[in-house]
Structure formats: C-alpha cells, structure tokens
Amino acid sequence: MRILKNTLIFVLGLFLGFFSYQYLQRKHASQNPTKEKFNRLLDYVDQYYVSEVNTDSIVDATINSILTKLDPHSVYIAPENAQFIAERMKGNFVGIGVNFMINKDTIVVIRTIPNGPSDQAGMFAGDRILMADKDTLYGDKLKQIKSVTTYLKGPLGSEVDLEIYRPQEGIKHIEVSRGVVPLKSVEVGVMINDTLGYIKIDRFAKTTYKEFKKALISLKKSGVSSLIVDLRDNSGGYISPAIDIADEFLEEDKLILFTKDREAKIDRSFATDSGMFEKGSVYVLIDENSASASEILAGALQDNDKGTIIGRRSFGKGLVQQEMELGDGSKVRLTVSKYYTPTGRSIQRPYDKGTEAYYNEYVERYESGELTDASKMKINDSLVFETPKGKKVYGGGGIIPDVYVSKDITNDMEILNFADYAGVIVQFVFIELDSNRGFYRNKATEGIDSIEVSEDLIKAFKKYAAGKGLVLKKGDIDATIKIYIQSEMARQLNYNDSSFQLKFQTDPMIQKVLTLEE
C-alpha cells in the first residue's frame with residue numbers, strides 16, 4: 001500500500017516544461033541507420049509475422065524500455081493519459097463542476113464546486129446522475145463505461161441535459177451549461193491563530209503562483225506575521241511557479257537555483273525586489289513524498305537561511321524534464337538538465353540500481369527506521385555544503401529538514417491514514433450526510449463544531465472500515481477518528497477552511513510549529 005501511494009503520487013508530479021515536436025522532426029529527420037533498422041523491423045513484423053500484431057503496442061513498449069534505461073524520471077505518456085495530465089497542470093478544465101464517486105452502480109454527487117456550472121444550475125450534493133443527454137449512466141450501462149467524465153465534459157458553453165434522482169424529491173431534469181472548472185493546486189490559505197498563517201500547495205501547476213499570491217494577500221490582510229508552507233505529498237510540477245514563490249520570501253539578487261545541461265551550460269534564477277514576505281517567519285513542511293519543484297522551493301529557502309524546514313527527508317529528485325510531443329497525441333518527458341540549490345548541492349539520489357529499486361527506496365526508509373528516528377536518516381557527509389550563516393546542508397539524497405518530526409506508523413494510525421487515502425472515510429461520511437442532508441446543512445451554518453460525532457458514529461465507522469478489510473482496534477484512536485470524520489463532513493459540506501483547521505489538531509508537524517512559535 002505504501003509503495004503504491006508513493007509511486008502514484010510521484011508519477012502525477014512529473015510535469016516540467018514544453019518542447020516542440022516540429023523541432024525534433026527537423027533535428028532527427030532520418031538518415032539514421034539505427035532508426036531505419038527499427039522501422040524496417042516494424043514493417044517486417046507488420047507484413048510477415050505469422051499472427052496479426054498491434055505494432056503500436058510494440059512501439060510503446062520499446063519507448064518505455066528505452067526511457068527506463070535512461071533515468072527514473074524520463075517517462076512516456078500514452079495519448080489516453082495525456083489530456084488528464086495536461087488538465088491537472090493547466091489548472092482547469094471544461095465540465096459541469098462536481099466531485100462524484102461511484103456507489104454500487106450509480107454516480108453520486110459528493111459536492112458541487114462552489115459557483116461552478118452545476119452549482120449555478122441547482123444541483124446538490126447527494127444527487128444521483130442517471131443520464132447525460134440520451135446516454136444512460138447507471139446500472140449495467142455504467143459498468144461498460146470506461147470514463148464517466150467523457151459524458152460530463154464537453155466544449156465550453158455547450159449544454160448537457162442531466163436526469164438526476166434526488167432522494168425525497170424523485171427524478172429531476174437539470175440543464176447544465178459546461179464551463180471552466182478550476183483544478184486548484186493551492187488547496188487552502190487559512191489563519192491558524194492571530195499571527196500564524198497556513199498555505200497548502202498540492203502541486204506546481206500553471207496557476208499555482210497566482211493561487212499562492214492570492215492566498216498570501218488574503219492572509220496578510222488578516223495580520224499574518226508567520227507562515228507555514230505545506231509541501232507534504234507534493235511531488236512537484238513546473239519549475240517556474242516554485243521560483244516565483246521562492247521570490248516572495250527572498251531579498252533581491254538572492255540565488256534561487258541554477259540548472260546545468262549536457263553542454264554544461266548554466267542557467268541561474270535570482271530573486272527580484274518584489275517579495276511580499278521577506279521579513280516574516282517561514283516554516284516549510286516536507287516529507288518523503290515532497291519532490292522536484294517542492295525540493296527546489298525548500299532548498300532555496302534553506303540555503304538562503306530563510307525560514308525553517310520541518311518534517312522528514314524529502315524524496316530526492318534533482319533532474320529537470322522537458323515535455324516533447326511524439327506526433328500521435330503521446331508525449332515524452334525527457335530529462336534535459338540537472339538543478340542545484342543556491343549552495344551548489346544536487347539533491348538527486350542515486351538511480352544506478354534501476355528504476356524499481358529507485359522507487360522502492362521508500363520501503364528501505366520504512367524498514368531502516370528513518371521515518372520514526374532522525375538518527376537513521378542517510379546523510380552523505382562527503383557532500384556537505386554551508387549556508388551564508390554557516391549552517392551545514394547536505395546533497396545527494398533529498399532535503400534534510402532543520403527540525404525532524406517522525407511519522408506515526410502505529411498500526412491503527414497507518415490503517416486510518418490508508419482509509420483516508422483510499423476514500424473509505426469519504427464514502428462513509430457521504431452515506432451519513434445522505435441519511436439526513438437537511439439536518440446537516442442547517443447544523444453546518446451554525447459552525448462545524450456544532451456537528452457532533454458521537455461514539456455510536458465512531459463505532460459505525462469502525463464497522464464500515466472493517467467491512468473493507470481495515471480493522472481498527474485500539475480505543476485511543478477514537479479521538480483521531482472523530483476529527484477525521486468531522487473534517488471530511490466539513491469538506492463535503494463545502495467548509496474547506498474548517499476541514500483543514502480540524503485536521504491541524506492531530507497534525508504533529510503543525511503542533512511542532514506551534515511550539516516553535518511560543
């Protein structure tokens with residue numbers, strides 16, 4: 001489970017740069033004996049092999065094999081995945097604006113995006129989508145559908161007639177005009193107390209810097225003087241937003257990072273004079289899943305003696321990719337340079353043992369005890385660097401935090417966190433809210449704290465989780481379960497700030513910052 005989570009999160013974060021397919025065509029236009037040999041082989045297989053063969057699949061497999069031998073971060077993106085990835089990195093898509101899940105054989109709306117197309121059209125959380133125009137989207141028909149979003153997305157301004165079932169009201173028809181739906185990369189910007197603010201960055205997309213600046217301006221109006229930037233589970237993305245965000249904290253002419261390509265050409269990025277938070281205290285939260293652009297931001301602040309890095313050793317990715325089109329809708333992200341933090345360190349960890357071993361390094365961290373004991377962290381003493389104020393920092397394997405905070409890997413906490421990641425809590429809370437939506441909506445307007453999570457509800461969750469194979473035994477986990485349920489209720493009821501604020505109570509890194517602020 002841990003490997004799957006780490007790998008899935010990481011793969012979704014390898015989004016850096018663009019390149020021109022036409023340029024590649026000109027540069028590599030045939031006359032290449034190796035390329036001609038490969039094309040001739042494909043022709044032979046296509047024309048003469050004893051059985052009919054899908055040569056496209058052979059090409060895809062060959063591309064993947066080639067890239068795997070280069071490095072773990074040069075990756076092939078098949079045409080069917082390219083649009084999804086592009087939308088995440090663009091920061092928006094055209095659709096109807098709902099979060100949904102499949103419950104048995106039905107699409108159920110978890111929540112509508114505030115002020116989005118469905119919200120404006122009068123859809124509510126709990127609605128069941130039965131049909132889109134003339135297409136049936138429930139029962140056996142739903143099982144035959146590869147992607148539900150195909151029926152919900154469409155051209156900007158186009159209309160879709162949705163037949164929905166709303167409990168207590170029955171069948172309804174709602175016309176929704178498809179619109180631009182934001183895919184936020186900055187999940188929240190909220191005050192923790194009168195002076196301490198918090199911004200959570202999920203990934204570095206095209207819109208991230210704009211979202212971050214908007215959140216920071218709002219927090220400054222609220223009186224923020226100390227700020228937490230949460231980069232946990234952030235596997236990276238575009239470099240430029242990370243540079244722009246670092247600029248908000250660093251004084252003019254401070255080096256943010258430099259890159260070096262195959263020709264040893266060096267490209268340096270410096271801070272400007274426009275930083276909004278050069279004087280405030282900064283805390284950057286990282287963990288073993290913080291990678292790439294996250295490490296650029298954390299490294300830039302650490303090497304310039306700005307702020308405090310809190311958490312556990314980051315992933316360790318110091319390679320830069322560019323996106324190159326292959327002409328059929330597929331793309332490749334190819335490593336074209338290495339980046340270095342301001343002190344000159346590369347935080348890329350070794351990958352000479354192959355891609356599988358590289359990604360399985362998370363298991364090694366777990367088994368070595370590094371996730372729970374700071375003394376077990378791998379530090380390469382031969383790659384030691386020094387910041388302007390004399391602090392030692394290390395290269396060769398991620399960002400080492402200034403303040404270590406261990407991971408809670410007790411059995412019940414691991415199970416609860418997996419239940420959260422796998423959507424078990426989402427499903428349970430949906431069912432509970434769906435049982436009396438009027439009551440919960442009214443309660444939420446009084447404040448999320450007014451929604452009681454009783455012992456009976458906690459017991460019901462444990463039973464529900466056990467039915468999914470996730471057995472929670474100890475009674476001392478109940479207080480945390482209560483907060484997780486209440487937080488998810490707040491999220492599904494569209495009280496996003498409250499959802500995060502509730503989780504702060506059980507977050508050891510947030511609690512560590514609060515002690516440092518005293």
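This passage walks through the salt bridges, one helix and one loop residue of a predicted model.

A good place to begin is with charge pairs. Side chains of opposite charge can pair when their charged atoms come close. In this model, the count of salt bridges comes to 28. Three of these pairs are described here, together with the parts of the chain that they join.

The pair of Asp434 and Arg128 has a distance of 2.7 Å from N to O. Asp434 belongs to helix 15 and Arg128 to strand 5 (residues 128–132), so this salt bridge ties together parts that lie 306 residues apart in sequence. Asp434 has a relative accessible area of 17%, and because buried means under 20%, Asp434 counts as buried. Arg128 is buried as well, at 15% relative accessibility.

Helix 15 itself deserves a closer look. The helix covers residues 424–435, and its 12 residues should span 16 Å at 1.5 Å a residue; the end C-alpha atoms are 17 Å apart, which agrees. Asp434 is joined in the list of buried residues of helix 15 by others, including Val424, Ile425, Val426, Phe428 and Leu433. As a general guide, an α-helix has 3.6 residues a turn, so residues three or four places apart point the same way.

A second salt bridge is formed by the side chains of Arg349 and Glu361, at 3.7 Å from N to O. Here Arg349 sits in the loop between strand 18 (331–340) and helix 12 (355–359), while Glu361 is in helix 13 (residues 361–368), with the two positions 12 residues apart in sequence. Arg349 is buried at 5% relative accessibility, and Glu361 is buried at 10%.

Asp420 and Lys503 make a third pair, with their closest N and O atoms 3.3 Å apart. This salt bridge links helix 14 (residues 411–421), which holds Asp420, with helix 19 (residues 496–504), which holds Lys503, across 83 residues. Asp420 is partly exposed, with a relative accessible area of 27%, and Lys503 is partly exposed at 24%. Elsewhere, salt bridges with shared partners join Arg313, Arg349, Glu361, Arg365 and Glu370 into one network.

The last stop is Asp449, found in the loop between helix 16 (437–445) and helix 17 (455–467). Asp449 has a relative accessible area of 67%, and because exposed means over 50%, Asp449 counts as exposed. Apart from neighbours within four places in sequence, Asp449 is in contact with Gln486 and Leu502. The C-alpha atom of Asp449 is separated by 37 Å from that of Asp244, which is 205 residues away along the chain.

Note on methods: Residues are numbered from 1 along each chain as its sequence is written. This is a predicted model: local features need pLDDT of at least 70, side-chain atom pairs count only at pLDDT 80 or more; totals for chains, interfaces and linings use all residues. Side-chain values use heavy atoms; hydrogens and water are left out. Helices (H or I, at least four residues) and strands (E, at least two) are DSSP runs, numbered from the N terminus. Buried means under 20% relative accessible area, exposed over 50%, partly exposed in between (1.4 Å probe, protein chains only). Contact means heavy atoms within 4.5 Å. The expected span of a helix is 1.5 Å times one less than its number of residues. A salt bridge is a side-chain nitrogen of Lys or Arg within 4 Å of a carboxyl oxygen of Asp or Glu.
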